[in-house]
Amino acid sequence: MKKLLLVALVALGGFFVYRQVQADKAEQDLWTEATDPVPAGR
C-alpha cells in the first residue's frame, strides 16, 4: 500500500512540475511576442 501511495505522490508531483513548465513556456512566449521588434514596412 505504501508503494502505491508513493507512486501516486510522485506522479502528482510530476504533473505539477509539468504544468508549471508549460505555464512558464506560455508566459515566455507572450513576452517574446510582446517584445519582438516590428518588421520594417508594417
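How much accessible surface does the protein chain have, and what share of it belongs to carbon and sulfur atoms? The total comes to about 4300 Å², and carbon and sulfur atoms account for 68% of that; accessible areas here come from the Shrake-Rupley method with a 1.4 Å probe, and for residues only the protein chains shown count as cover.

Before the views, a word on the model. It is a predicted one, where local features need pLDDT of at least 70, side-chain atom pairs count only at pLDDT 80 or more, and totals for chains, interfaces and linings use all residues. Residues are numbered from 1 along each chain as its sequence is written, and side-chain values use heavy atoms, with hydrogens and water left out.

**View 1. The whole chain: one helix and zero strands.** Helices (H or I, at least four residues) and strands (E, at least two) are DSSP runs, numbered from the N terminus. Helix α1 covers residues 2–35. Along its principal axes, the C-alpha trace spans about 65 × 10 × 5 Å. Of the 42 residues, 0% are buried (buried means under 20% relative accessible area, exposed over 50%, partly exposed in between, with a 1.4 Å probe and protein chains only).

**View 2. A nonpolar patch with Phe 16 in it.** Leu 12, Phe 15 and Phe 16 make up this patch of about 300 Å² on the surface. To join a patch, residues need over 30% relative accessible area and no salt bridge; like charges are joined within 9 Å, and nonpolar side chains (Val, Leu, Ile, Met, Phe, Trp, Tyr) within 5 Å. Phe 16 sits in helix α1 and is partly exposed, at 47% relative accessible area.

**View 3. Lys 25 and Asp 29, joined by a salt bridge.** Side chains of opposite charge can pair when their charged atoms come close. Here the N to O distance is 3.1 Å; a salt bridge calls for a side-chain nitrogen of Lys or Arg within 4 Å of a carboxyl oxygen of Asp or Glu. Searching the whole structure turns up one such bridge. Both partners belong to helix α1, four residues apart, or about one turn of the helix. Lys 25 is partly exposed at 48% relative accessibility, and Asp 29 is partly exposed at 39%.

**View 4. Two stops along helix α1: Gly 13 and Val 21.** Gly 13 counts as partly exposed, with 34% relative accessibility. Its C-alpha lies 18 Å from that of Met 1, twelve residues away along the chain. Val 21 is partly exposed too, at 47%. From Val 21 to Ala 11 is ten residues in sequence and 15 Å in space, C-alpha to C-alpha.
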